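The following report describes a protein chain through its aromatic contacts, its helices and a few selected residues. Please read it alongside the sequence and the structure shown here.

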Amino acid sequence: MVDTCKFTAEEEALLMEQIKYLQSELCSIQSSFLGIISVPVAVYGLLLYYALQQEGEASNLLFVLMPFLFSLSLFNILKYTIKMMGLDAYTRYLEDQLNRSHGKSLFKWQSHLIYANSYSLVGGVIQVPCFVALAIFLGYKFYENIGSCRLFPHCQFIFKSLLALEVVGLLYMLLMCALQYGTVRYWCGQIPMNGYPAGRVRSECPLFLLSLYEKNKDRPWVQKLSGFVEKVFGREKPQS
């Protein structure tokens with residue numbers, strides 16, 4: 001962790017402005033979640049009703065395409081959840097810095113109380129069975145109908161391959177979601193307050209991968225892999 005120091009009045013004002021911006025950004029994302037979740041649910045209901053009422057090519061095509069529509073909704077939910085968790089972690093870090101600078105718990109919400117009753121965790125976990133049930137149903141109907149798909153040549157292979165890529169992408173996003181809070185907290189502690197961090201954090205690479213690299217960079221297999229990547233892509237290894 002970076003050593004905590006006393007901040008000047010000007011520095012505290014800048015940190016306060018940053019906290020206000022982060023909180024407004026969090027509120028903006030939360031307000032958009034209602035549309036992100038409720039609208040697709042209504043659309044899925046209508047599509048399922050229509051698909052079950054139809055026969056032949058129309059029903060076949062709908063059940064082939066619906067898993068991709070479902071994954072679009074999940075990607076949007078996970079994307080904004082990851083961003084919110086990063087903003088939350090950074091806000092907590094800034095509040096901790098100000099609290100330590102004053103030697104008092106001036107800020108309590110983000111640092112102590114936001115997860116007090118675990119409503120965010122419980123609310124998220126309760127939704128998991130719903131998504132799993134819908135995913136199982138759509139997956140079953142997809143493989144039931146893909147054999148009859150004749151939309152264009154090789155469409156069965158293409159749709160199966162694309163769906164496999166979607167599943168891999170969703171698993172990757174879930175991993176990022178699980179690690180984002182801790183990763184942002186880790187990098188907040190690694191970046192010095194009195195130094196410009198542009199050369200230390202490479203934003204084109206996910207930070208949780210950089211965190212794993214920093215913790216294991218002395219291992220022989222990591223050094224070999226890093227040398228291979230540097231040779232192939234012609235980029236420098238992340239600075240320590």
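## Aromatic contacts and helices

The charged end of K141 sits over the ring of F63, at 4.8 Å from the ring centre; a charge is said to sit over a ring if NZ of Lys or CZ of Arg is within 6 Å of the ring centre and within 35 degrees of the ring normal. The model is a predicted one, in which local features need pLDDT of at least 70 and side-chain atom pairs count only at pLDDT 80 or more, while totals for chains, interfaces and linings use all residues. Residues are numbered from 1 along each chain as its sequence is written, and side-chain values use heavy atoms, with hydrogens and water left out.

The chain holds seven helices and zero strands, where helices (H or I, at least four residues) and strands (E, at least two) are DSSP runs numbered from the N terminus. Read from that terminus, the order of elements is α-α-α-α-α-α-α. Of the 240 residues of the chain, 32% count as buried; buried means under 20% relative accessible area, exposed means over 50%, and partly exposed lies in between, with a 1.4 Å probe and protein chains only. About 15400 Å² of the chain is exposed, and carbon and sulfur atoms supply 65% of this area, as computed by the Shrake-Rupley method with a 1.4 Å probe, where for residues only the protein chains shown count as cover. Among contacts between residues at least 6 apart in sequence, 72% join residues at least 24 apart, contact meaning heavy atoms within 4.5 Å.

A pair of aromatic rings is described by the distance of the centres and the angle of the planes. Seven aromatic pairs are found in a search of the whole structure; rings of Phe, Tyr and Trp (its six-membered ring) pair if their centres lie within 6.5 Å, and planes under 30 degrees apart count as stacked, over 60 as edge-to-face and the rest as tilted. The pair of F70 and F131 is tilted, because the ring centres are 6.3 Å apart and the planes stand at 40°. This pair links distant parts of the chain, with F70 in helix α2 (residues 57-102) and F131 in helix α4 (residues 119-145), 61 residues apart. The rings of Y186 and W187, in turn, have centres 5.6 Å apart and planes at 85°, so that pair is edge-to-face. Within these two pairs, F70 is buried at a relative accessible area of 7%, whereas F131 is partly exposed at 27%; likewise Y186 is partly exposed at 21%, whereas W187 is buried at 3%. Elsewhere, ring pairs link F68, F142, Y143, F152 and F159 into a cluster.

Helix α2 has 46 residues, which should span 68 Å at 1.5 Å a residue, and its end C-alpha atoms are 69 Å apart, in agreement with that value; the expected span is 1.5 Å times one less than the number of residues. A kink of about 30° nevertheless lies at L65 in α2, shortly before the proline P67, the bend at a residue being the angle between axes fitted to the seven residues ending there and the seven starting there. Just after α2, G103 takes a positive phi of about 70°.

Three residues of α2 can be set side by side.

| Residue | Element | Relative accessible area | Class |
|---|---|---|---|
| S71 | helix α2 | 2% | buried |
| D88 | helix α2 | 5% | buried |
| R92 | helix α2 | 25% | partly exposed |

Leaving aside neighbours within four places in sequence, S71 is in contact with E166 and L170. The C-alpha atoms of D88 and L26 are separated by 7.8 Å, although these residues are 62 apart along the chain. For R92 and F107, the separation is 15 residues in sequence and 9.0 Å in space, C-alpha to C-alpha.

H154 lies in the loop between α4 and α5 (155-190) and has a positive phi of about 60° although it is not a glycine. With a relative accessibility of 66%, H154 counts as exposed. Helix α5 has 36 residues and reaches 49 Å from its first C-alpha to its last, close to the 52 Å expected at 1.5 Å a residue, and it bends by about 50° at Q180.
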